[in-house]
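Dear colleague,

I am handing over the structure we spoke about, and below it I have set down what was found in it. Please read the notes with the model open beside you.

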Amino acid sequence: MKKLKRLGLMTLTLTVTTIAINAQDKVKTAIAADVVNQYIWRGQDLGNVSLQPTLGVGYKGLSLTAWGNVGLTEASDTKEFDLTAAYSIGGLNMGITDYWFNKPNEHYFCYSNGKTSHVFEANIGYNFGPVSLQWYTNFAGNDGLNKSGKRAYSSYMEVDAPFKLGGCDWIAALGTVPYTNSSYAEANGFAVTNVSLKATKDIKVTDSFNIPIFAGITANPSNEKAYLLFGFTLRP
């Protein structure tokens with residue numbers, strides 16, 4: 001997985017707008033699109049102004065979600081199309097994501113080892129209430145290699161803490177790379193790659209239509225960079 005030219009959600013923590021489809025007795029559908037000033041993913045700078053659409057369906061804890069990213073100002077920004085299958089029960093959640101990028105191979109249906117642009121990631125997490133913990137590991141596809149030339153099984157761990165303050169919904173996050181030989185960070189060994197704080201507030205347009213706006217600060221101590229982020233979400 002390029003180091004990490006992985007273009008995914010503008011996340012201050014994990015993704016700027018993740019549409020949660022919780023356990024339902026009826027099938028629920030989610031349609032939305034984020035517009036963001038920068039695409040920052042797990043502390044990595046992955047692009048400029050971007051459009052990020054989402055389509056999801058959920059039923060009784062099961063969900064299938066399609067998510068994409070396309071740059072609006074830079075033609076060279078990588079395009080992305082992700083598919084996620086997830087399941088949640090109580091505070092426990094788990095899932096598998098197929099990330100696809102138009103680089104290095106622009107052909108979507110190419111899965112050949114060493115040629116594919118797909119990266120397959122498994123995740124598991126638990127919501128304890130005041131905080132949640134998530135673990136992600138790449139297990140197939142275009143992952144990085146370790147110093148021995150073998151699959152790195154690149155991994156990322158994040159702790160999130162949501163809270164309310166001043167009429168906004170806030171979330172603080174701390175993300176780390178647990179191993180050496182990971183394609184997520186330039187540093188060798190354990191590295192803190194994402195320290196972020198994000199605020200979201202609904203702006204009322206009509207009695208039945210609101211536009212959520214969000215802003216946040218993300219710092220990456222591993223590469224000594226920081227970002228100020230802004231965006232908004234459009235949804236029915």
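Two strands are said to pair if DSSP finds at least two bridges between them. By that rule, in this predicted model, strand β1 (residues 28-36) pairs with strand β14 (residues 225-234), the two running antiparallel and being joined by four bridges. One of the positions where they meet is alanine 33, whose bridge partner in β14 is leucine 234.

That pairing belongs to a barrel, which 12 strands close in the order β1-β4-β5-β6-β7-β8-β9-β10-β11-β12-β13-β14, with antiparallel pairing. From one strand to the next, the twist averages 20°.

On its other listed pairing, β14 is joined to strand β13 (residues 209-220) over eight bridges, again in the antiparallel sense, and there glycine 216 has leucine 229 of β14 as its bridge partner. The hairpin of β13 and β14 has four residues between the strands, and within this hairpin glutamate 224 takes a positive phi near 60°. Elsewhere in the barrel, strand β8 (residues 118-127) and strand β9 (residues 132-141) run antiparallel and are joined by nine bridges, with tyrosine 126 standing opposite leucine 133 in β9.

Turning to the charged side chains, a search of the whole structure finds three salt bridges. In one of them, arginine 42 and glutamate 121 meet at 3.0 Å, N to O. This pair links distant parts of the chain, since arginine 42 lies in the loop between β2 (40-41) and β3 (44-45) while glutamate 121 lies in strand β8, 79 residues apart. Arginine 42 counts as buried because its relative accessibility is 4%, and glutamate 121 is buried too, with a relative accessible area of 1%.

A salt bridge also forms between lysine 164 and aspartate 169, whose closest N and O atoms are 2.4 Å apart; here lysine 164 is exposed, at 67% relative accessible area, whereas aspartate 169 is partly exposed, at 39%. Aspartate 207 and lysine 204 meet in a salt bridge as well, at 3.1 Å, N to O, and both of these residues are exposed.

What is the nearest side chain of opposite charge to the buried glutamate 158? The residue is found in strand β10 (residues 155-165), and the side chain in question is arginine 42, which is 5.9 Å away, while glutamate 158 has no salt bridge. Because a salt bridge requires the nitrogen and the carboxyl oxygen to be within 4 Å, that distance does not qualify. The side chain of glutamate 158 does, however, make a polar contact of 3.3 Å with that of asparagine 194.

With best wishes

Notes
Residues numbered from 1 in each chain as written. Predicted model: local features only at pLDDT ≥ 70, side-chain atom pairs only at ≥ 80, totals over all residues. Heavy atoms only, no water. Axes fitted to C-alpha atoms, helices over the stretch in contact; angles between N-to-C directions. Buried < 20%, exposed > 50% of the residue type's maximum accessible area, 1.4 Å probe, protein only. Lys, Arg positive; Asp, Glu negative; His and termini not counted. Polar contact = N/O pair within 3.5 Å; in protein donor to acceptor, adjacent residues only side chain to side chain.
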